[in-house]
Amino acid sequence: MDLFTTYSVKIKKYNQIFTKTVSIYRDAVDFFIDVCLNEWTNINALSNNHKRLRFMEILCHRTKNNPNPVYDFDAKFYKMPCYMRRAAIVEALGKVSSYKSNLDNWYNTDAKTRGREPSSPKAGYVYPAMYRTVMYKLSGDYKAQLKIYIRNTWDWITVEFKKSDMDYINRHCGERKKCAPTLQKRGKEWFLEFPFEETISLNDVEITGQTIVAVDLGINTAATISVMHSDGTILGRHFCKLPKEQDSLKHSINRIKKAQQHGNYKTPRLWGKVKGINHDIATKTANFIMDISVRYQANTIVFEHLERKGKIRGSKKQRLHLWKIQKVQSIVANKAHRLGMRISRVSAWGTSRLAYDGSGPVLRGKSGGFKTYELCQFQTGKIYNCDLSASYNIGARYFVRELIKSLDARTRLGIEAKVPQSAKRSTCTFSTLISLNAELISLAT
């Protein structure tokens, strides 16, 4: 698989000099969006992006063989570099294509549920790509030349980079393919974002020989991990608790509440601190998961498929809003793929609600007589860690799905008749995996 990563390099000394360049580029994108909307019937008939790009240039760009284009782009954007013009065309084609697809889906949706009509596309906050040799030239270890709009013309300027950034790229990204950088602005500072491309080969191990890391992400316990084999053997149990970070997050949230009680509803500095603490929690959780995966040489990391849709209610709704589950999974996926590990997701329904021993729903919180949701009581009276039970179920659902998928239809139907829980993934528990393995062993003998 192809893996893309980016690294931002700060541009020293310059502050407002790139503003005009970005403004002209966005105006060019808006110009081409209007052209695409007017000519979409003809553009959509073309088979590939190269032909669409060529068609747009014939419509807009004046040349010796095309002195009178339908839309005179050069009259408004004098001497704009050709590569920046083509980048604007590609950006406009992508935005209009997405808009047309969304519009078709909106028309094909039931009138009661389809919501508002998609709005017309605009350039928005896009930034130009600085293509090498024509827009960007590396002139030294820590210097480069950029072609921008300055002094009423397009000219080259020399910029300096931070030494630490360039040293990091040379040390860690030297073997990766470097793509064209993009000019970006964050706050009052400007950066060049360097994308890197690399080809990764993921492991290809039979399901019966795999070692997986089943992860249950939580709010109080950041991550509960079980390391498993396909036969149900538990190799390790690990808990990631970040009490200092959680207390700091709670303290920062309470400071915002107190400020709001006194009428100060806009607290950007306090919210900035909360976001920073939250990001730190997500990063440390992802690093903990990867450390465990590397220690056991795992083949696959299994998460729940969590999608938070609709309005969140209850006393913990603010904590749920700040819960960065997608961020953790994204960080883990990027690091795991670089090491050749695979990422998989299973149904999240009932993983914490159902006991891993197959005894049925558990009692949690006040219903079980506990002050915390960390513990639960099974129907058999056994008291167990609820998150650990959920991690067993997560790993079991992955193995049940993959083992059933590897069988032919006749064998699969026979096993589902003897182990009915395996037919419906949302009711699978760890006990289902044990029963399934017992049936597979009996068939083999």
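**Strands and helices of a predicted model**

Student: In this predicted model, over how many bridges do strand 13 and strand 14 pair?
Tutor: Strand 14 covers residues 375–377. Its pairing with strand 13 is antiparallel. One facing pair is arginine 364 and cysteine 376 of strand 14. The number of bridges between strand 13 and strand 14 is two.

Student: Which strands stand at the edges of that open sheet?
Tutor: Three strands form the sheet, in the order 13-14-15, with antiparallel pairing. An edge strand here has a single partner, so one of its sides is left without a neighbour in the sheet. That describes strand 13 (363–364) and strand 15 (383–385).

Student: Which helix packs on this sheet, and what angle does its direction make with that of strand 15?
Tutor: The helix touches strand 13, strand 14 and strand 15. It runs over residues 386–405, so look for helix 11. Its direction and that of strand 15 make an angle of about 70°.

Student: Turn to strand 7. How many of its 11 residues are buried?
Tutor: Strand 7 runs over residues 189–199. Buried means under 20% relative accessible area. The strand is largely enclosed by the rest of the structure, because the buried count reaches nine.

Student: Over how many bridges does strand 1 pair with strand 7?
Tutor: Strand 1 spans residues 2–12 and pairs with strand 7 in the antiparallel sense. In this pairing, threonine 5 faces phenylalanine 196 of strand 7. The bridges between strand 1 and strand 7 number nine.

Student: What is the bridge partner of lysine 177 in strand 7?
Tutor: Strand 5 holds residues 177–178. Two bridges tie strand 5 to strand 7, and the two run antiparallel. In strand 7, lysine 177 is bridged to glutamate 197.

Student: Which glycine takes a positive phi in the hairpin of strand 6 and strand 7?
Tutor: Strand 6 (residues 182–186) runs antiparallel to strand 7, with five bridges. One of the pairs is leucine 183 with leucine 192. The hairpin has two residues between its strands. The residue with a phi near 70° is glycine 187.

Student: Is threonine 300 buried or exposed, and what is its relative accessible area?
Tutor: Threonine 300 is found in strand 11, residues 300–305. Its contacts, leaving out residues up to four places away in sequence, include Thr211, Ile212, Val213, Arg342 and Ser344. Buried means under 20%. Threonine 300 is buried, with a relative accessible area of 2%.

Student: Which side chains make a polar contact with the side chain of threonine 300?
Tutor: A polar contact needs N or O atoms within 3.5 Å. One such contact is 3.2 Å, to the side chain of glutamine 210. Another, at 3.5 Å, goes to the side chain of tyrosine 398. The partners are glutamine 210 and tyrosine 398.

Student: How far apart are the end C-alpha atoms of helix 3?
Tutor: Helix 3 has 12 residues, 49–60. At 1.5 Å a residue, the expected span is 16 Å. The model agrees with that, with the ends apart by 17 Å.

Student: What arc do the buried residues of helix 3 cover?
Tutor: The buried residues are Arg52, Leu53, Met56, Glu57, Leu59 and Cys60. They lie on the same side of helix 3, because their arc around the axis is only 160°.

Student: Which helices do those buried residues pack against?
Tutor: Start at the N-terminal end of helix 3, capped by asparagine 48 with a side-chain oxygen 3.2 Å from the backbone nitrogen of histidine 50. The buried residues of helix 3 pack against helix 1 (19–38), helix 2 (40–44), helix 4 (73–76) and helix 5 (82–107).

Student: What arc do the buried residues of helix 7 cover?
Tutor: The buried residues are Glu245, Gln246, Leu249, Ser252, Ile253, Ile256 and Ala259. They sit on the same side of helix 7, because they cover an arc of only 150°.

Student: Which exposed residues are on the face of helix 7 turned away from its buried side?
Tutor: The buried residues of helix 7 have a cover that includes helix 8 (268–295) and helix 9 (317–322). The face turned away from them carries Pro243, Lys244, Asp247, Lys250, Lys258 and Gln261.

Technical notes
Residues are numbered from 1 along each chain as its sequence is written. This is a predicted model: local features need pLDDT of at least 70, side-chain atom pairs count only at pLDDT 80 or more; totals for chains, interfaces and linings use all residues. Side-chain values use heavy atoms; hydrogens and water are left out. Helices (H or I, at least four residues) and strands (E, at least two) are DSSP runs, numbered from the N terminus. The expected span of a helix is 1.5 Å times one less than its number of residues. Buried means under 20% relative accessible area, exposed over 50%, partly exposed in between (1.4 Å probe, protein chains only). The arc is that of the directions from the helix axis to the C-beta atoms. Contact means heavy atoms within 4.5 Å. A polar contact is a pair of N or O atoms within 3.5 Å; within protein, one must be able to donate a hydrogen and the other to accept it, and residues adjacent in sequence count only if both atoms are side-chain atoms. Two strands pair if DSSP finds at least two bridges between them. Axes are lines fitted to C-alpha atoms, for helices over the stretch in contact, and angles run from 0 to 180 degrees between N-to-C directions.
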